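Open the model in your viewer and keep a selection box ready. The tour goes stop by stop: select, look, move on.

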Amino acid sequence: MTKKPADTTEAGILAPAPTRTLEDPERQAAHEKLWKMMEESYLKSDPESLQRSFANHLEFSRGKNRHIATRHDLYQSMAHAIRDRLMERWNDTMNTYYEDNVKRVYYLSLEYLMGRTLGNSLVNLGIRDDAARALEELGYDLEELRELEPDAGLGNGGLGRLAACFLDSMATLGLPADGYGIRYEYGIFDQRFENGRQVEKPDHWLRFGNPWELVRPEFSYPVSFGGQVEHYVDSSGRLTCRWVPGDRVVAVAYDTPVPGYGNSTVNTMRLWSARTLDDFSLEFFNEGDYMRAVEEKIRDENISKVLYPADEREAGRELRLKQEYFFVAATIKDILRRFFVKNDDLQHLPEKVAIQLNDTHPALAVPELMRQLVDKHGFHWEEAFDICTRTCAYTNHTILPEALETWPVPMFERLLPRHLEIIYEINQRFLSDVRLAFPDEPDLLGRLSLIAEGPVKSIRMAHLAIVGSHSVNGVAALHSEIIKEKTFADFYRLWPGKFNNKTNGVTPRRWIRLSNPRLSTLIDEHIGEGWVTDLARLRELEPLAEDPAFRAAFREVKQSNKKELAALIKARTGIRVKPDSIFDVQVKRLHEYKRQLLNVLHIVALYRRIRNRDTEEMVPRTFIFGAKAAPAYRTAKLIIQLINAVADRVNSDPAAEDLLKVVFLENYSVSLAQKIIPAADLSEQISTAGMEASGTGNMKLSMNGALTIGTLDGANVEIREEVGDDNIFIFGLRTDEVRHLRGVGYRPRDCYENNEELRGVLDMIASGEFSPDEPDLFRPIIDSLLDGGDYYLVLRDFPSYLSCQREVAQAYRDPEYWSRMAVLNVARMGKFSSDRTISQYAEEIWRVGPVAPVSREIPPEH
């Protein structure tokens, strides 16, 4: 029999290759038995087996031996050894999802701040101690190798870290759920300080490769931009649209395994990388025009080059819109491909697929899914829109209406002409329904419209997400009430049943188990290990808050963590800090509403007291900051410079040596947070009331035994409800008081004129005390407070904040009292596990349950 020639085209190479069926039944049986034996036995994870895998990868994957291996070779070899153990579970998990044809969740987020993967994988596989022992016996240190792994900085702050926690919880709960995003070649920038100023450097996190990801070229999709839309009548007499694009790029899938804790589930984070259709023009290259030969490649691949390109210019905003559509278009195509593996009728899509939009960045999923259903699969509009809304759900993370994402219609028309038509059609039909429901309120149409009128019309992406989804949730109880009462009050009148709350949470695996092994061990010794997957069990620690021996052990854990952080601070900055001082921590994105400025005004107030020898009420403090400011956010960058200038002056003044230190650790990241948070005594959560959607840093710090000083904003409200009024420090205006004050008029100069200490602080900064070479350097900050309206009410809350800080100092003087409060904070943080949050999403929005992976003989495509 003549063999059929092999298909060596790209499509042929990447097509599925089914196992050959043999004509001899005995040989076929032996063949099946061999495969089954290999597929059903997992690699062992004892130290000897791990050593063997490590050595094999060092030699066969890295081409090295122990005599010439670099530290990077060692890290890569260990990473591959652990990834091997994830792979088996990964294949079985995906196989089970397909074979059982379960409903699956797809979490769409433009950001993922995953942090380092090696340590987290070891914790979730339950082999951290075995891995450490395996390497120690070979003469290497696991922690040293872990430090070599770069942070995957694919996010800017809480939004991306929340997404990472959610993926961990989905896998731990055994939910059939995958994340989708963009594989940015350069993540959030590396931050450096030069003369106190923030300077941004490229974050080339892929410089040495990423051992945790697998490229999946078989799952590549063309993504179109520009061109025009053709309208024609098809053979059935139906008016049809055809998008004829002007440009195309290719989205290539890169998969990263996401293991659950203590189970066999390994889900997937699929990130898209942009590639050009043709790498370069051979014609231009042969003519010697080398730049033009690769011009198209550079332009196309810019789409996945950088997280959040600067958008002050038109080109930057256009690139950002391209990113959002690129990510959504590839994702929707991939979701539909997965659906068709076991299903053939898209009418059943909502029964098999749940799409969660993490903020408005993926909101283009609504018109893209409509385009696929109507233009590609021939659905009538009404039926398609019903499928779309029952499939999609939207999480809002923004309170302020002016901060909600919009896109100019002309730009949209130029890049996505068909999607603009679809959005107009959605809007027209939606407003017709509104007009019927509220015939006497013509102004309501303008407020609800997906299109904002103005000199340049714009598309309101949040409105698009709300109209195109069956669920709209906030991320804290206060936040959810604000969006119902203010931000989206008109939509809430229309669809009260759509709106719900899902208070955020964080994963205790990374934020206690991995980050704080001392505390984790202490908890295990007293209540067992069940809390790792059932954080509510931390309540069992409550009686121990009254046990002097336990409090002493708890203080010892905190002190050891503080000593470690003090050593890190000394190594990175040269600053010596005292572990016996209060470690007063504010680590979060730098934004005016988060009020790092209020914190530094307090520091200056304390410094003035030291200089005036008014230190009777003071206790030693070390203020620790970690934050990045958006590159174009000038005010935020100036606040960073002010904090560093104050730090330089305070830390060099012998008078402040025993009472005050200020440290700003540059390049804040997930890995740095894992070192800071376990050592914190005081957690600064001091945003202007009514402006923080939730916050998750507040949760991480509290569950690691830091006491909160904060406003009643975001999740602080619920933290207070859980830990109790006596175990938290609350100050400042409430949300309704903020609204009232802004409504009646606020004169910040009154605060300045009526408060001598505040006046002294502001005058000290304005005089150039902290910037003698540039006396007016920080004058814009002072002017914005006194003459610019002080929108974030820093001056108004200053007296209340200082009074509350005096209470903090008084409490810290009594170690037994302080540690009792700290233990109760840990014990009462069970609500703030992301497992609880995801369970609520699964039950109330997605309607999915856990699926236990089963080993199969023939794994399908991923």
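Start with Thr 406, which stands opposite Arg 460 in β16. This is a predicted model, in which local features need pLDDT of at least 70 and side-chain atom pairs count only at pLDDT 80 or more, while totals for chains, interfaces and linings use all residues. Residues are numbered from 1 along each chain as its sequence is written, and side-chain values use heavy atoms, with hydrogens and water left out.

Next, select 406-408, which is β14, and 458-460, which is β16. The two strands pair in the antiparallel sense over three bridges. Strands here are DSSP runs of E with at least two residues, helices are runs of H or I with at least four, and both are numbered from the N terminus. Two strands pair if DSSP finds at least two bridges between them. Add β15 (451-452) and you have an open sheet of three strands, in the order β14-β16-β15, with antiparallel pairing. β14 and β15 are the edge strands, each pairing on one side only.

Now go to the second sheet. Six strands form this open sheet, in the order β21-β20-β19-β22-β23-β24, with parallel pairing. Select β21 (660-664) and β24 (729-730): each has a single partner strand, so one side of each is left without a neighbour in the sheet.

Inside that sheet, pick 582-587 (β19) and 621-626 (β20), which run parallel and are joined by six bridges. Gln 586 stands opposite Phe 625 in β20.

Add helix α34 (815-827). This helix lies across β22 (682-685), β23 (707-710) and β24, at about 90 degrees to β23. Axes are lines fitted to C-alpha atoms, for helices over the stretch in contact, and angles run from 0 to 180 degrees between N-to-C directions. Contact means heavy atoms within 4.5 Å.

Move to the loop between α32 (779-786) and α33 (794-812) and select Asp 790. Its phi is near 45 degrees, a positive value in a residue other than glycine. Most residues other than glycine have a negative phi. Asp 790 is buried at 3% relative accessibility; buried means under 20% relative accessible area, with exposed over 50% and partly exposed in between (1.4 Å probe, protein chains only). Leu 793 lies in the loop between α32 and α33 too. Phi of Leu 793 is near 60 degrees, also positive, and this residue is buried at 1%.

Last stop: α33. Buried residues of this helix include Phe 798, Tyr 801 and Tyr 812.
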